[in-house]
Amino acid sequence: MRCLLVDDNDAFVEIARCVLDPNGVKVTGTASNSAEAVLRVSQLRPDIVLIDVMLGDENGFDLARRLAELDARDLAVIMISTGTEDDYTDLMARSTALGFLTKEELSADGIRRLLGEVR
């Protein structure tokens, strides 16, 4: 499974790579803002995109909507945050994202669980 990780925290990006890569979710690219993410999706054609809810001044949910408007085949978008899903209940209900994981629970198994709920 190829993954694009969209997060503006370099330390977290490295931790996520260490957690995901050895377990079958290869972080094939990263982006720190929406413009980079849209470009990387078209270049890398990942299977999943993990998007931090807060991207500096940008909102990750807005990026998820932009990606849904692209002709990006079966692209799965998962929102991530240091907060809990309860913190974003209303936004998730209106979101085009497949699901939500806290950064603490981010794992290949967590991603597969979310993918299995839909596919």
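Helix axes here are lines fitted to C-alpha atoms over the stretch in contact, with angles running from 0 to 180 degrees between N-to-C directions. In this predicted model, helix 2 and helix 3 pack with their axes 10 Å apart and at an angle of about 30 degrees. Since angles under 35 degrees count as roughly parallel, helix 2 is therefore roughly parallel to helix 3. Their crossing is right-handed. On the helix 2 side, the meeting residues are S34, A35, A37, V38 and V41, and their partners in helix 3 are L63, R66 and L67.

What about the nonpolar interior? The largest nonpolar core has 21 residues, and V6, V49, I51, L63, L67, V77 and M79 have the most contacts inside it. At least two residues each come from strand 1, helix 2 (34-44), strand 3 (48-52), helix 3 (60-69) and strand 6 (76-81). Helix 3 gives the most, with four residues. Take V49: leaving out residues up to four places away in sequence, V49 touches L4, V6, V41, L67, L75, A76, V77 and I78. There is also a second, separate core, this one of 19 residues, with C3, F12, L20 and L106 among them.

Then there is D7, which sits in the loop between strand 1 (2-6) and helix 1 (10-20). With a relative accessible area of 2%, D7 is buried. A polar atom of the D7 side chain lies 2.8 Å from the backbone nitrogen of N9. Further along the chain, setting aside neighbours within four places in sequence, D7 is in contact with F12, V13, A31, S32, D52, L55, I80 and K103.

Technical notes:
Residues numbered from 1 in each chain as written. Predicted model: local features only at pLDDT ≥ 70, side-chain atom pairs only at ≥ 80, totals over all residues. Heavy atoms only, no water. Buried < 20%, exposed > 50% of the residue type's maximum accessible area, 1.4 Å probe, protein only. Polar contact = N/O pair within 3.5 Å; in protein donor to acceptor, adjacent residues only side chain to side chain. Contact = heavy atoms within 4.5 Å. Core = buried A, V, L, I, M, F, W, Y, C linked by side-chain atoms within 4.5 Å. Parallel < 35°, antiparallel > 145°, perpendicular 65-115°, else oblique. Left-handed = near helix turned anticlockwise from the far one by under 90°.
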